[in-house]
Amino acid sequence: MVVATYKLQVNWWETGGWSSAAFPISLPVTWADGTAFVIANDRIRAITCSFGRDKASQLTGNSKAGTLSVTLDNRSGDYNVFNTSSSLYGFILSGRPVRLLGTSATQTDQPIWEGFLTRITPQVFLGGDATATLEATGPLGQINLDQIEVPMVTSQRTDQVVDDILDAAGWGSGSTFRTLDVGKTTITRYWKSGTFTVPALLEVESTEGGFIREGKDGKIIFDNRHHRLSGAALTSQATYSDAAGAARVYSGITQDSSLPSVFNIFSTEVQTYTTGSVAVLWTLSESGASSPAISPGVSLTYLARYPTRSSANNAVGVDAWTTTASTTDMVANAAADGSGTNVTSDVGISVSKSSETMQITLTNNGAVPAYITKLQARGTGITADDPATIQVEDTTSQTSFGKRTWPSATPFHPDTGEALDWANFNVNLFKDPSAVLKLSYWANRDTNSLNEMLDRDISERVTVVADNNANLAIDNRGFFIEAISHQISANRLHKVTYLLSDAAQFSDSWVLNTSAVGTSTRLAY
């Protein structure tokens, strides 16, 4: 048996990146003896972490925020948030970057998991023992803490929309923080208002037929629908076997039921829109004696919204707001009923626009109170056309398994042609059962296994042999890794578990200019 060297790091100061400047005291945790920030091995009692889909299915499995939980020896009280004697006092705060690295005989400081601190929970026991549980969430959990506003865009590829969503969530830009395949679908019109980030991302994922996921290095990654049909995804990165003497032997394997992932009816709606002419979309209802007053030197902000309760039922948003103009859209007077001096020129106007709202800030720069006798917001409204519903069924599958309808909506297909391609593609993929596996091995079995643990990532293709002791009639079959979890004990016994989806079901689809002629049976769209 061999053991890896692990580093568990928390950037308590959230400065200096992951360089040594980020760790000016010895409390950030590592298991690497002799390095600058050492905590003895008995300080760590257990580590568990995971990331990837919640189920090993490319259809029903949703990417979830990764999790990390570490049990620490806390007899020193270092991790007690109210302990003023701790060097961490005032710095145990949610959102601090956390990462777990691993080192084998041939690889150094390779990422295993990365995310953000959510809490540290101390616990004391009779006899004087004390622990603290450090918990962290993956990048998808971090960006899903608040609702987002995405301004309306037109003719954007799915990866560009993902970019917009991540920008709205405040996620870092560039290759350090995100890796996005070029999307294969162009969304005609997209906007979001008051929606949490991850549900918005999953809608775009479903439209593309791709995969939004976390990387083990802390990136947010978008795989387009051809990601697993080309390049490295066509080559197995490792073979896990139950054969005697195999190079990579697994310790446990479970074949889950594939029936929950069988669907033979796929339907979706195609929604188009009409853009109107410039019109008044919102009006301040207070007028006459009720006209609001703004004192000299004071600002007042109004939120114009469209659609409102009085709008047509098919009104959905604003293509473009017209910047509020004095006299045309806003009139101010020294008297509430408009009978006094016109002071419109004394009121400054600033606006901030989104797809459904325009924030209008009025500032009285004059010497007398200004009564706002008129305020309106103009823009080009968007109305929804009658939707077209596309549905594809497979009657042979229905005879075998009954009618099984895919329940989720895919709202952003640009036209009925692409919607039909989407439905046909998915019916062909999921009308029949496919193999679903849960496979585990001990990373500390040998150096080869340690390197496997460090090398593998979500969406990679591997091969499984389970036709010997396992007797599952799986012989050199390809699978994609959908989820990874790690369990590390205090003595550094390290168990790795993968959720695996059947690659054969997916990868026999044919992509123009990518797949070899005669080797694939389904046309991918």
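Okay, so let's start with who Glu205 touches. If we skip its neighbours within four places in sequence, Glu205 is in contact with Gly210, Phe211 and Ile212. Keep in mind that this is a predicted model. Glu205 itself sits in helix 3, which covers residues 197-208.

Now, is Glu205 buried or exposed? Glu205 is buried, and yet it has no salt bridge. The nearest side chain of opposite charge belongs to Arg53, and that one is 4.9 Å away. The cut-off for a salt bridge is 4 Å, so Arg53 doesn't qualify. What does the side chain of Glu205 have beside it, then? One of its polar atoms lies 2.7 Å from the backbone nitrogen of Ile212.

Ile212 brings us to the sheet, since strand 10 runs over 211-214. Three strands make up this open sheet, in the order 8-11-10, with mixed pairing. Strand 8, residues 178-180, and strand 10 are at the edges; each has a single partner strand, so one side of each has no neighbour in the sheet. On average, neighbouring strands here are turned by 15 degrees against each other, if you ignore direction.

A quick reminder on pairing: strands in a sheet pair through backbone hydrogen bonds, and they do that either parallel or antiparallel. Here, strand 8 pairs with strand 11, residues 220-223, in the parallel sense, over three bridges. If you want a spot to look at, find Leu180, which stands opposite Phe222 in strand 11.

Last piece: what lies across these strands? That's helix 2, residues 158-168, which lies across strand 8, strand 10 and strand 11. Helix 2 runs at about 160 degrees to strand 8.

Conventions
Residues numbered from 1 in each chain as written. Predicted model: local features only at pLDDT ≥ 70, side-chain atom pairs only at ≥ 80, totals over all residues. Heavy atoms only, no water. Pairing = 2+ DSSP bridges. Helix = DSSP H or I, 4+ residues; strand = E, 2+ residues; numbered from the N terminus. Axes fitted to C-alpha atoms, helices over the stretch in contact; angles between N-to-C directions. Contact = heavy atoms within 4.5 Å. Buried < 20%, exposed > 50% of the residue type's maximum accessible area, 1.4 Å probe, protein only. Lys, Arg positive; Asp, Glu negative; His and termini not counted. Polar contact = N/O pair within 3.5 Å; in protein donor to acceptor, adjacent residues only side chain to side chain.
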